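Trainee: I am new to this structure. Please show me how to read a helix and a ligand site.

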Amino acid sequence: MSVVRIAPSILSADFARLADEIAMLEAGGADWVHVDVMDGRFVPNLTFGAKVIETVRRLTELPMDVHLMVVEPERYFDDFVDAGASGLTIHAEVSPHLNRQLARIRELGAAAGVALNPSTSLTAVENVLDDLDLLLVMTVNPGFGGQQFIPHSLEKIGRARRMLDAAGSRAVLEVDGGINRETIYQCWRAGADAFVAGNAVFSADDPRAEIGALRAQCADRA
Ligand code: DX5
Ligand code: ZN
């Protein structure tokens, strides 16, 4: 049985109250803080840079799972790790030298992840499994919080699980986009073990309790 990790995305947080929001995530038992970096080029939206990562790092000791939705992600590796990122996940679609890029992330002491858009095949990572600490299967097209989970992702998650197991990989299998109480259960059943949740946590009536409610779905139901 693998460990379940809940990674709330601060994309949906109220930045006027960021310290309170992070404290709430800790109190709710979040495992990681997911930070969505967008550059307005790979995705049609702009978000944060090193300064925000540094700020979050001052507010918590939780591992910071940084999702780089940017072209030429290697330009930011040093600064983001210096700022306190624990893991950097880059998109295969804009990373033509994955072996080199993943090796560099690990050299800096961070966990190395690759993300795949919904339309990107798993074959994009089949030759770098030895260099991978995390595989992120996107369950929406990245760019915005609050989108609808794409149902055929489940089949891909199942194939990703089998691919990692067959290779003897210990990489974490993460999903991101449209995760809520129902879809987290489906993804967990399909073999995912880390779950990003933005809207589901921050728009809940009781965001702190929602983290536990999401985690509770990752158990066999009668
Ligand atoms: C999507 C981001 C996600 C997003 C998830 O582009 O990578 O991390 O914030 O948000 P929800 O859970 O609201 O779909
Ligand atoms: Zn993300």
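Mentor: We take one helix, then the ligand. This is a predicted model, where local features need pLDDT of at least 70, side-chain atom pairs count only at pLDDT 80 or more, and totals for chains, interfaces and linings use all residues. Residues are numbered from 1 along each chain as its sequence is written, chains are lettered from A and ligands numbered from 1 in the order in which they are written, and side-chain values use heavy atoms, leaving out hydrogens and water.

Trainee: Which residues of helix H6 are buried?

Mentor: An α-helix has 3.6 residues a turn, so residues three or four places apart point the same way. Helices are DSSP runs (H or I, at least four residues) and strands likewise (E, at least two), numbered from the N terminus. In H6, residues 181–190, the buried ones (under 20% relative accessible area, 1.4 Å probe, protein chains only) are Thr183, Ile184, Tyr185, Cys187, Trp188 and Ala190.

Trainee: What caps the N-terminal end of H6?

Mentor: Asn180 does, with a side-chain oxygen 3.0 Å from the backbone nitrogen of Glu182. Just after H6, Gly191 has a positive phi of about 120°.

Trainee: How many residues surround ligand 1?

Mentor: A residue counts if one of its heavy atoms lies within 4 Å of the molecule. Here there are 20, and Asp36, Gly143, Gly146, Asp176 and Gly198 are the closest. Strand E2 (33–38) gives the largest share of this shell, 3 residues.

Trainee: Which atom of Asp176 lies 2.7 Å from ligand 1?

Mentor: A polar side-chain atom of Asp176 lies at that distance from an oxygen atom of the ligand. A polar backbone atom of Gly198 is 2.8 Å from an oxygen atom of ligand 1.

Definitions and conventions. Buried means under 20% relative accessible area, exposed over 50%, partly exposed in between (1.4 Å probe, protein chains only). A polar contact is a pair of N or O atoms within 3.5 Å; within protein, one must be able to donate a hydrogen and the other to accept it, and residues adjacent in sequence count only if both atoms are side-chain atoms.
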